[in-house]
Amino acid sequence: MVVEDFVRALNLEVKNAGRPGRRITGGYCSDLLSEVMGHATQGNIWFTLQSHPNVVAVASLLDLAAVVITEGHQPSEETLAKARDEGVTVLTTSLSTFEAAGQLYQLLAK
């Protein structure tokens, strides 16, 4: 599955498109940047409440497929500018982290 398929399936809002056609290898849920850096892997979708520019830095460092900011939280313009500069896909949803990650799990298990 590619990010665009996931966006359509969950009706996510695209805040920055990043690199089209990115394959999703799995998901990781955490609001602690250090945990993400230690456990998420390339191609993961990262689900978080965090919306500050450091989220983009971590996603870029790990080459994540996308960041999904959950529960209606919105990224700042500074975060989006950094995402544009680094080619990181940033998505938002009103769903909880649990719901969004669960739906990704179901889609990848098919």
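1. Glutamate 71, in this predicted model, counts as partly exposed, because its relative accessibility is 44%, a value between the 20% under which a residue is buried and the 50% over which a residue is exposed. Glutamate 71 belongs to the loop that runs between strand 4 and helix 4, and its backbone deserves a look as well, since phi is near 60°, a positive value in a residue other than glycine. As background, most residues other than glycine have a negative phi.

2. A positive phi is also found at aspartate 63, where the angle is about 55° although the residue is not a glycine. Aspartate 63 sits just after helix 3, in the loop that leads from helix 3 to strand 4. With a relative accessibility of 23%, aspartate 63 counts as partly exposed, given that buried would require a value under 20%.

3. Turning to the interior, the largest nonpolar core of the model holds 16 residues, and those with the most contacts inside this core are Val36, Trp46, Leu64, Val67, Val88 and Val90. At least two residues of the core come from each of helix 3 (53–62), strand 4 (66–69) and helix 4 (77–86), and the largest share, 5 residues, is that of helix 3. Apart from this core lies another one, of 15 residues, which includes Val7, Leu10, Leu12 and Leu104.

4. Valine 90, one of the residues with the most contacts inside the largest core, can serve as a starting point for looking around it. Once its neighbours within four places in sequence are left aside, valine 90 is in contact with Glu13, Val14, Lys15 and Asn16, with Val56, with Val67 and Ile69, and with Pro75, Leu80 and Ala83.

5. Helix 3 merits a point of its own, as its buried residues are Pro53, Val55, Val56, Val58, Ala59 and Leu62. The elements that cover these buried residues include helix 2 (33–39), strand 3, strand 4, helix 4 and strand 5 (90–92).

6. One of those covering elements is helix 4, and the axes of helix 3 and helix 4 lie 8 Å apart at an angle of about 20°. The two helices are therefore roughly parallel to each other, a description that applies to angles under 35 degrees, and their crossing is right-handed. On the side of helix 3 the contact is made by Pro53, Val56, Ala57 and Ser60, and on the side of helix 4 by Glu78, Thr79, Lys82, Ala83 and Glu86.

7. Arginine 84 is a further residue of helix 4, and at 45% relative accessibility arginine 84 counts as partly exposed. Beyond its neighbours within four places in sequence, arginine 84 is in contact with Asn16 and Glu77. The C-alpha atoms of arginine 84 and valine 56 are 9.6 Å apart in space, while the two residues are 28 residues apart in sequence.

8. Serine 51 is placed in the loop between strand 3 (44–48) and helix 3. A polar atom of the serine 51 side chain lies 3.3 Å from the backbone oxygen of glutamine 74. Setting aside neighbours within four places in sequence, the contacts of serine 51 are with Ile69, Gln74, Pro75, Ser76 and Thr79.

9. A second helix pair to inspect is formed by helix 1 (residues 3–10) and helix 5 (residues 97–109), whose axes come within 11 Å and cross at roughly 120°. That angle makes helix 1 oblique to helix 5, and the crossing of the two is right-handed. Phe6, Ala9 and Leu10 of helix 1 make the contact together with Ala100, Gln103, Leu104 and Leu107 of helix 5.

10. Last comes methionine 1, in the segment before helix 1, which counts as partly exposed at 26% relative accessibility. With neighbours within four places in sequence left aside, methionine 1 is in contact with Phe6, with Arg22, Arg23 and Ile24, and with Leu104, Leu107 and Leu108. Between the C-alpha atoms of methionine 1 and alanine 66 there is a separation of 13 Å, the two residues being 65 residues apart along the chain.

Conventions: Residues are numbered from 1 along each chain as its sequence is written. This is a predicted model: local features need pLDDT of at least 70, side-chain atom pairs count only at pLDDT 80 or more; totals for chains, interfaces and linings use all residues. Side-chain values use heavy atoms; hydrogens and water are left out. A nonpolar core is a set of buried Ala, Val, Leu, Ile, Met, Phe, Trp, Tyr and Cys residues joined through side-chain atoms within 4.5 Å. Buried means under 20% relative accessible area, exposed over 50%, partly exposed in between (1.4 Å probe, protein chains only). Helices (H or I, at least four residues) and strands (E, at least two) are DSSP runs, numbered from the N terminus. Contact means heavy atoms within 4.5 Å. A polar contact is a pair of N or O atoms within 3.5 Å; within protein, one must be able to donate a hydrogen and the other to accept it, and residues adjacent in sequence count only if both atoms are side-chain atoms. Axes are lines fitted to C-alpha atoms, for helices over the stretch in contact, and angles run from 0 to 180 degrees between N-to-C directions. Angles under 35 degrees count as roughly parallel, over 145 as roughly antiparallel, 65 to 115 as roughly perpendicular and the rest as oblique. A crossing is left-handed if the near helix is turned anticlockwise from the far one by less than a right angle, and right-handed if clockwise.
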